[in-house]
Amino acid sequence: QVQVVESGGGLVQAGGSLRLSCAASGSISSISDMGWHRQAPGKQRDLVATITSGGSTDYADSVKGRFTISRDNAKNTVYLQMNSLKPEDTAVYYCNAIGVTTTDLGFEAWGQGTQVTVSS
């Protein structure tokens, strides 16, 4: 079983910064991809950023140049540094991890989400 836990959300003024963290734990053999997604009220969940075990990254156009995803493979942890935040970044941010368990089963695990609110 694999668990994913996010932390670091909160309330910030427009133009400010926040750093989200996400740790995966449990019966993990390896993790290939980790990522961040977000869901605003009444909207679908959208991709924010992803990172592979090799460090390749991908970002939604709306956050390019403002958000940075990074990863510590030894700790099965992924981070999202969010700068120049805008009110439209307000959402619940979810972390996910894709990999293989110690019993050689593939998994995709999601966290419970952390709220990010940006005031204008």
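## A walk through an all-strand chain

Let us start at the very beginning of the chain: Q1 is exposed, with a relative accessible area of 73%. Here exposed means over 50% relative accessible area, buried means under 20%, and partly exposed lies in between, using a 1.4 Å probe and protein chains only. Q1 belongs to the segment before β1. Leaving aside residues up to four places away in sequence, Q1 touches S25, G26 and S27, where contact means heavy atoms within 4.5 Å. Its C-alpha atom is 15 Å from that of Q112, although 111 residues separate Q1 and Q112 in sequence.

Before going further, a word on what you are looking at. This is a predicted model, in which local features need pLDDT of at least 70 and side-chain atom pairs count only at pLDDT 80 or more, while totals for chains, interfaces and linings use all residues. Residues are numbered from 1 along each chain as its sequence is written, and side-chain values use heavy atoms, with hydrogens and water left out.

Now step back to see the whole chain. The protein chain has 0 helices and 11 strands; helices (H or I, at least four residues) and strands (E, at least two) are DSSP runs, numbered from the N terminus. The radius of gyration of the protein chain is 14 Å, close to the 14 Å from the globule rule for 120 residues, so the chain is as compact as a globular protein of that length. That radius is taken over C-alpha atoms, and the globule rule is 2.2 Å times the number of residues to the power 0.38. Along the principal axes, the C-alpha atoms fill a box of roughly 50 × 25 × 20 Å. Of the 120 residues, 41% count as buried. The accessible surface comes to about 6200 Å², and 46% of this belongs to carbon and sulfur atoms; such areas come from the Shrake-Rupley method with a 1.4 Å probe, and for residues only the protein chains shown count as cover. Among contacts between residues at least 6 apart in sequence, 55% join residues at least 24 apart.

How do the strands come together? One open sheet has 4 strands in the order β1-β3-β8-β7, with antiparallel pairing. Its edge strands are β1 (2-7) and β7, each of which pairs on one side only. Two strands count as paired if DSSP finds at least two bridges between them. On average, neighbouring strands of this sheet are turned by 15° against each other, direction ignored; axes are lines fitted to C-alpha atoms, for helices over the stretch in contact, and angles run from 0 to 180 degrees between N-to-C directions.

Let us look at one edge of that sheet. In a regular strand the side chains alternate between the two faces of the sheet. Strand β7 (residues 67-72) has F67, I69 and R71 on its covered face, and T68, S70 and D72 on its uncovered one. β7 runs antiparallel to strand β8 (residues 77-82), and 6 bridges join the two. Within this pairing, I69 has L80 as its bridge partner, and T68 has Q81. The two strands form a hairpin with 4 residues between them. In its turn sits N76, whose phi is positive, about 50°, although N76 is not a glycine. N76 is partly exposed, with a relative accessible area of 23%.

Moving on past β8, the loop between β8 and β9 holds S84. This residue also has a positive phi of about 50° without being a glycine, and S84 is partly exposed at a relative accessible area of 41%. The same loop is home to L85. Is L85 buried or exposed? L85 is buried, with a relative accessible area of 2%. Not counting residues up to four places away in sequence, L85 touches V12, A14, G15, G16, S17, L18, R66, F67 and V118.

Our last stop is strand β4 (residues 28-39), which 10 bridges join to the antiparallel strand β9 (residues 91-101). Here I31 has G99 as its bridge partner. β4 is also joined by 7 bridges to strand β5 (residues 45-52), again antiparallel, and Q39 is partnered with R45. The hairpin of β4 and β5 has 5 residues between the strands, and G42 takes a positive phi near 80° there. Also in β4 is H37, which is buried at a relative accessible area of 13%. Beyond residues up to four places away in sequence, H37 touches R45, D46, L47, V48, V92, Y93, Y94, N96 and W110.
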